[in-house]
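Me: I'd like a close look at just one part of this protein, the sheet and the helices around it. Could you walk me through it in plain words?

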Amino acid sequence: LRSGSEEVPETAVDRLLVHSGFGNSPGSAESKVRGVVTSLLRESRKFCTREIEIINKDLIRMQREFGGKKNSPFVVAAIQVTKERQKQEAVEEEIQVLNRAGPVALLFNLNGTVVRPITSDLLNDDSGLNEPVQPAPHCRQMLQELQVLMQNSVVKCALATDTPSDAVDYITGAAGLADCFVTEGIHSASSDFEAPRLKPDPSVYIKAGEWTEVPMSQ
């Protein structure tokens, strides 16, 4: 990014604006930065390192003034890496805590818990298998985070519902939650027994709990 010629390489200026974060600054800021950079390039004066770390005092002052640094792709990437590392460390700590406590199982209801309440015939037959279904707020994020713990065998998640199995498959798929439960972990009070054993009969919960191989007290 040094040039002694009168013709300043525009790509050098553009690259600095992007990588230093000035690319998201107001137009007036960009004009000022371009003026300083153009002058420095014409004078063949070095103003930043190879990693696009600005060393010119005027540009540093402008960067602080216009908040450019925080918009730099390098800074954004570093923040993201830090967040991912912190998240992984939190998961590892949680796994250690759960390992010390012993296996844990979570039994979920379907209607009104995993998905927003459904009141149509969808729960009773296949007449509503084309209507939209929405997951409950934050449910998908919660189940995805639980999957990390499931992969480490410290948590098992099961679904226990009155809803017939065919409708369960449609509902979880339509809500984008089909990958959050293994097929063997889905239990229906309407379909899993010779005759339906609907709640408050506890049979479907007992069956789901037995599948997890975790004592019901946990």
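To start somewhere concrete: which residue is the bridge partner of Leu159 in E3?

Reply: That partner is Ile186. Before going on, keep in mind that this is a predicted model.

Leu159 and Ile186 are a good way into the sheet. Strand E2 covers residues 155-161, and its pairing with E3 is parallel, over three bridges. Step back and you get an open sheet of three strands, ordered E1-E2-E3, with parallel pairing. At the edges sit E1 (104-108) and E3 (186-188), each of which pairs on one side only. On average, neighbouring strands here are turned by 25° against each other, if you ignore direction.

Now for the helices. H5, residues 139-151, packs on the sheet and touches E1 and E2. The direction of H5 makes about 130° with that of E2. H7, residues 203-212, also packs on the sheet, and its contacts take in E1, E2 and E3. For H7, the angle to the direction of E2 is about 160°.

If you want one residue to click on in H7, try Tyr205. Outside its neighbours within four places in sequence, Tyr205 is in contact with Leu107, Asn109, Ala160, Lys199 and Met216. Look at Ala158 as well: it is 47 residues from Tyr205 along the chain, yet their C-alpha atoms are separated by 9.2 Å. Is Tyr205 buried or exposed, or something in between? Its relative accessibility is 29%, so Tyr205 counts as partly exposed; the buried class stops at under 20%, and exposed means over 50%.

H6 is the other helix to look at. Running over residues 165-174, H6 has Ala167, Val168, Ile171 and Thr172 buried. Those four cover an arc of only 125° around the axis, which is why they end up on the same side of H6. The spacing fits a general rule: an α-helix has 3.6 residues a turn, so residues three or four places apart point the same way. And what do the buried residues of H6 pack against? The answer is E2 and E3, which brings us back to the strands that hold Leu159 and Ile186. Turn H6 around, and the face away from its buried side carries Asp166 and Asp169, both exposed. Just past the end of H6, Gly176 has a positive phi of about 75°.

Note on methods: Residues are numbered from 1 along each chain as its sequence is written. This is a predicted model: local features need pLDDT of at least 70, side-chain atom pairs count only at pLDDT 80 or more; totals for chains, interfaces and linings use all residues. Side-chain values use heavy atoms; hydrogens and water are left out. Two strands pair if DSSP finds at least two bridges between them. Helices (H or I, at least four residues) and strands (E, at least two) are DSSP runs, numbered from the N terminus. Axes are lines fitted to C-alpha atoms, for helices over the stretch in contact, and angles run from 0 to 180 degrees between N-to-C directions. Contact means heavy atoms within 4.5 Å. Buried means under 20% relative accessible area, exposed over 50%, partly exposed in between (1.4 Å probe, protein chains only). The arc is that of the directions from the helix axis to the C-beta atoms.
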